[in-house]
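User: I'm new to this one, could you walk me through a few of its residues?

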Amino acid sequence: MTEGAGRSDGFDEHEAGKGPEKRVEREEKEHPGKGHETSYEGKGRGPAGSEGGDSDVDDARRSGDGGSGARGGGGPDGSAGTGRPSRIPTPRSSVEDTGLPLPAPAPLVLEHRVLKSLLGAWALAACSGEETAAVEEHLGECGACADEALRLRGAVGLLHPPESLDLDPALRTRVLESCLDRRPPRIPVPEWAAPYDAETARLDALLQDIADAEWHAPVRLRWFEDDGPVSRRTTVAGVIAHLLSVDGLVGVALGLDDPLGGAAARVRAEAEAAAAAVGPDPAAPETATPTGRTEAYWRASHFPPTRAVRGPWREQSHHLVRTVAFAGGGSGRLAVSYGGFALPLHDSMLDRAFECWVHAGDIADAVDYPYEPPAPRHLHRMIDLAARMLPMSLAERRRAGRAAPASRHLVAAGAPGRSLRLEIEGAGGGEWLIPLDSPAAVASAEHEVAHVALDGVEFCRLAAGHVSPEEAAAGQVGDREAIRDVLFAAAALSRM
């Protein structure tokens, strides 16, 4: 029995090759109103008797695909087997995946009036990238807009001037002056003590900012001695201990407690015992000299100084300023002994202010902290003190054979003699005539034999022993020997 003989749907094997269209047409004639369900029962449908037919086949027939496209058949490109394109497009590849360069954006084309209106935003850097490119391209072609852009950019620079994050050294002085102008102090600080008050306050602010570990940062103290540089290694805390011990010379002169305490008496007793046994030892430390007091303080400490030394130093500086304020301006003539020489109190306070600034700079360099020079009027007072001490320093070097002898013509005390003009440039500068033949001689412009010009901070570095006389940048005119002697005399003012 053949396969087609048992079919109940009237399928004729003669129609087997006529395709599904012919079969559908025959079924519609035999079973009107039944649709396509009978001919495809069991082929891709749900269970018999379920509602609805084979929707995929119906959709394919309605679209004319003949069922092949709806089943996902066709060539490898996803198109229908009949050659018609697929209903679902293939995914497109991105240009980034191809490795090809991206297309360049089209340049922004703006009118002249629009570009001119954007000049203000361009000067403030508030334009977009496309607008900035359009404006800058236009500036290369339009001279009027280019001039306007330069004016606007200059105005923006005036609105935002570059400023340092560090406070102006003169800010404290201006604030105090403004306050004191409104309410004068009942007990004013003398003018010659103001630099010391300001410099100790600035150094105290620096010490407040540094961390505990930075108190042990190494510091190299430098000065000039016997025509050569000398240095001593210590720490930040050691520098404050040095300032504390040397400031104590002023405190002792004012009747305050000696910060060395028992250490001063012990060192003095050791020096007297050694002198009685073998004679005076010039190398023995003496508590009357700055170096001797510092060595005595360091040696008396059981442990290296720490940040605890800040409290005694700060308290002592306040006591010094308060004491000279209560003593009045007349106390400035009180003598303060430095061992080998003495200074009046008003000059000694300037000397301590100068050393406080110098060593504050040493500390700032050690901990990488920005530090500015003193206020100009305070710096001028310090430079004036160094200039007034130059004749004595020059005479001492001449007695030691380290300077050229004085003029062959003896100059009487109070008489004019050879002079050198010292010109200090910059803030706090000025001009001073330095007598060359004798500290008692009178400097005279008619007897000027040399002229030296130095920057104010550079001159202070020379007087502090932080730069050698040969390296000091100086404008020199006149007697070279006199200039050399004065520069070396300035370096000889330094000490530890």
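Analyst: What follows is a short chat about ring pairs, charges over rings and one strand residue.

Analyst: This is a predicted model, in which local features need pLDDT of at least 70, side-chain atom pairs count only at pLDDT 80 or more, and totals for chains, interfaces and linings use all residues. Residues are numbered from 1 along each chain as its sequence is written, and side-chain values use heavy atoms, with hydrogens and water left out.

User: How many aromatic pairs are there?

Analyst: The structure holds three, where rings of Phe, Tyr and Trp (its six-membered ring) pair if their centres lie within 6.5 Å, and planes under 30 degrees apart count as stacked, over 60 as edge-to-face and the rest as tilted. One of them joins F224 and F488, edge-to-face, at 6.0 Å centre to centre with 65 degrees between the planes.

User: Where do F224 and F488 lie?

Analyst: F224 is in strand β1 (residues 218-225) and F488 in helix α17 (residues 480-491), so the pair ties together parts that are 264 residues apart in sequence; helices (H or I, at least four residues) and strands (E, at least two) are DSSP runs, numbered from the N terminus.

User: Are F224 and F488 buried or exposed?

Analyst: Both F224 and F488 are buried, meaning under 20% relative accessible area with a 1.4 Å probe, protein chains only.

User: Which charge lies over the face of F488?

Analyst: R484 does, at 4.3 Å from the ring centre; the criterion is NZ of Lys or CZ of Arg within 6 Å of the ring centre and within 35 degrees of the ring normal.

User: Switching topic, where is T234 found?

Analyst: T234 belongs to strand β2 (residues 228-235), and T234 is buried, at a relative accessible area of 11%.

Key
Buried means under 20% relative accessible area, exposed over 50%, partly exposed in between (1.4 Å probe, protein chains only).
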